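Colleague: I am new to this structure and would like a close look at one part of it, namely the sheets and the loops that go with them. Could you take me through that part slowly, in connected prose?

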Amino acid sequence: ERLNPDKGSCKVGNLDTLNLDTLHGDKTESESGIARKQERNKERFYAMVEGNGCCKLAGPGYGTPLEAISGPREALIYVTCVYTGTGKEKPDFLATVDVDPNSPTYSKVIHRLPVPYIGDELHHSGWNACSSCHGDPLADRRFLILPSLVSGRIYVVDTKTNPKAPSLHKVVQPDDIVKKTGLAYPHTSHCLASGDVMVSCLGDKDGNAKGNGFLLLDSQFNVKGRWEKPGHSPSFGYDFWYQPRQKTMISSSWGAPAAFTKGFNLQHVADGLYGRHLFVYSWPDGELKQTMDLGNTGLIPLEIRFLHDPSKDTGYVGCALSSSMVRFFKTQDGSWNHEVVAISVQPLKVQNWILPEMPGLITDFLISLDDRFLYFVNWLHGDVRQYNIEDPKNPVLAGQVWVGGLVQKGSPIVAVTEDGQTWQSNVPEIQGRSLRGGPQMIQLSLDGKRLYVTNSLFSTWDRQFYPELMEKGSHMLQIDVDTEKGGLKINPNFFVDFGAEPDGPSLAHEMRYPGGDCTSDIWI
């Protein structure tokens, strides 16, 4: 499966003499024995392949971001779904959703994989191997990594044996993680070219931000330790992205788990329990080189992305509370700097809400694989936006669509203009259903033409800001994207109602394609 014949038939030496089952290890052996056998067989395999001129080595994913754009259209998407915090004593689950418009089960949940424990809060997800491993023909995008934000467990799910019906492969228990690293509250997962998996963790077992850092799992998903050097942990944790050609990793900062797990309290921001910094590390050796204070225009910086082109030395971070997009970039002296680009969502003056002004709350964003467009959500206001970033310093609004929010028509909350007029957003019904909550997680098709949207942020915050989600559950939408002139339009034929789940309404969060996507894959 890992060989791409350039011409004619492809036969690799005396490959029949190599037991291919042992390339990934015999499950009856010890883990250390498996690792040794893998290395021996890798050497033999490479020697055989390199001696045969008709074969081209290829690992998972794509050689370049532009190559990925020409990849196959998505047919399935995996969605993390949560019962934790809803009042239902049910385990969270991974949903498989059919997104093939030619399928009879299009826009339906076709499989549910419940995890074996209750109270996890499945959140983000990542792969054991992605395009960063494209040069390794023995790397295999087989396992989806599911960190549980509340319990601290990390689930490893086999998606390759049956992509439509994934199965549980392994559970990394929180006690093992805490014992070996002191880390808890795992969040973002990225694969590394080395075969290891790196997971950001937001605090220690008691919910203190000071204990946060980066967990390393080996290729068998055993706890290896921390990635960062001793004494080089950030003051807050959340998301991270590495850009190997720049020899840099940058991470962002949400807040102390002891604070955010109880709901959002504005006083906690003033008390210093939420972040406003980016942390710049040397890659891959884990030395904290620089801390960038984003100030009041960069409060609670969450999702962070470099441009996909691995040669580029710039990227963006979405700052939730200040509702701004901050661009970071390398300077001539090799240090890093930042600026608020022309994307700053002004708070709405409102009536009948908990505060006189309502921030947009940018909770997720992504960049198209060709680095032309940036998309983000305003979870509280309720709109999804598209910006042209061909000039990274000067983004231009190209599309906007309202898909929910607190100020939509029918809500008791109204926005007030400067001249005292009130207004509410027009949010359409889809297939006769009213849209609830606000847009939260997004995922873009490889070709950039379809944007998928879910509406759950974190169960405690969902209950606080959108209590109807507890009763009615989440939904998932698909937005058609104009990649030529710009523009967004809701697809009326696609609607996944997680309020109709067999075990009751659930909360839908992050989405992943089996073949990788623009928020999972990194190029080296």
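Modeller: What follows goes through two sheets in turn, then a surface patch, and lastly two residues with an uncommon backbone setting to look up for yourself. Please keep in mind throughout that this is a predicted model.

Let me begin with an open sheet of four strands, whose order is β14-β15-β16-β17 and whose pairing is antiparallel. At its edges are β14, covering residues 240–243, and β17, covering residues 288–293, and each of these two pairs on one side only. From one strand to the next, the twist in this sheet averages 20°. In general, the strands of a sheet pair through backbone hydrogen bonds, and they can do so in a parallel or an antiparallel way. Within the sheet just described, β15 (residues 248–251) and β16 (residues 277–282) are joined in the antiparallel sense over four bridges, and if you wish to find this pairing on the screen, you can look for T248, which stands opposite S282 in β16. The loop between β16 and β17 contains P284, and here the backbone deserves a careful look, since W283 and P284 are joined by a cis peptide bond with an omega of about 10°.

The other sheet to examine is also an open one of four strands, with the order β24-β25-β26-β27 and antiparallel pairing. Its edge positions are taken by β24 (362–367) and β27 (396–402), and because each has a single partner strand, one side of each is left without a neighbour in the sheet. Neighbouring strands here are turned against each other by 20° on average, with direction ignored. The edge strand β27 pairs with β26, which spans residues 383–388, in the antiparallel sense over six bridges; within β27, L397 is the bridge partner of Y387.

Staying with this sheet, the loop between β24 and β25 (373–378) holds S368. With a relative accessible area of 4%, S368 is buried, because buried means under 20%. The side chain of S368 also takes part in a polar contact of 2.6 Å with the side chain of D370.

From there we can turn to the surface, where L266, I354 and L355 make a nonpolar patch of about 270 Å². Of these residues, L355 is found in the loop between β22 (348–351) and β23 (357–358), and its relative accessible area of 33% makes it partly exposed.

Two further residues are worth finding for their backbone angles. E121, although it is not a glycine, has a positive phi of about 60°, and E121 lies in the loop between β5 (108–114) and β6 (126–127). Is E121 buried or exposed? At 3% relative accessibility, E121 counts as buried. Q431, likewise a residue other than glycine, has a positive phi near 55°, and its place is in the loop between β29 (422–423) and β30 (442–444). Q431 has a relative accessible area of 42% and is therefore partly exposed, whereas E121, as noted, is buried.

Key: Residues are numbered from 1 along each chain as its sequence is written. This is a predicted model: local features need pLDDT of at least 70, side-chain atom pairs count only at pLDDT 80 or more; totals for chains, interfaces and linings use all residues. Side-chain values use heavy atoms; hydrogens and water are left out. Patches are made of residues with over 30% relative accessible area and no salt bridge: like charges are joined within 9 Å, nonpolar side chains (Val, Leu, Ile, Met, Phe, Trp, Tyr) within 5 Å. Accessible areas come from the Shrake-Rupley method with a 1.4 Å probe; for residues, only the protein chains shown count as cover. A salt bridge is a side-chain nitrogen of Lys or Arg within 4 Å of a carboxyl oxygen of Asp or Glu. Buried means under 20% relative accessible area, exposed over 50%, partly exposed in between (1.4 Å probe, protein chains only). Two strands pair if DSSP finds at least two bridges between them. Axes are lines fitted to C-alpha atoms, for helices over the stretch in contact, and angles run from 0 to 180 degrees between N-to-C directions. A polar contact is a pair of N or O atoms within 3.5 Å; within protein, one must be able to donate a hydrogen and the other to accept it, and residues adjacent in sequence count only if both atoms are side-chain atoms.
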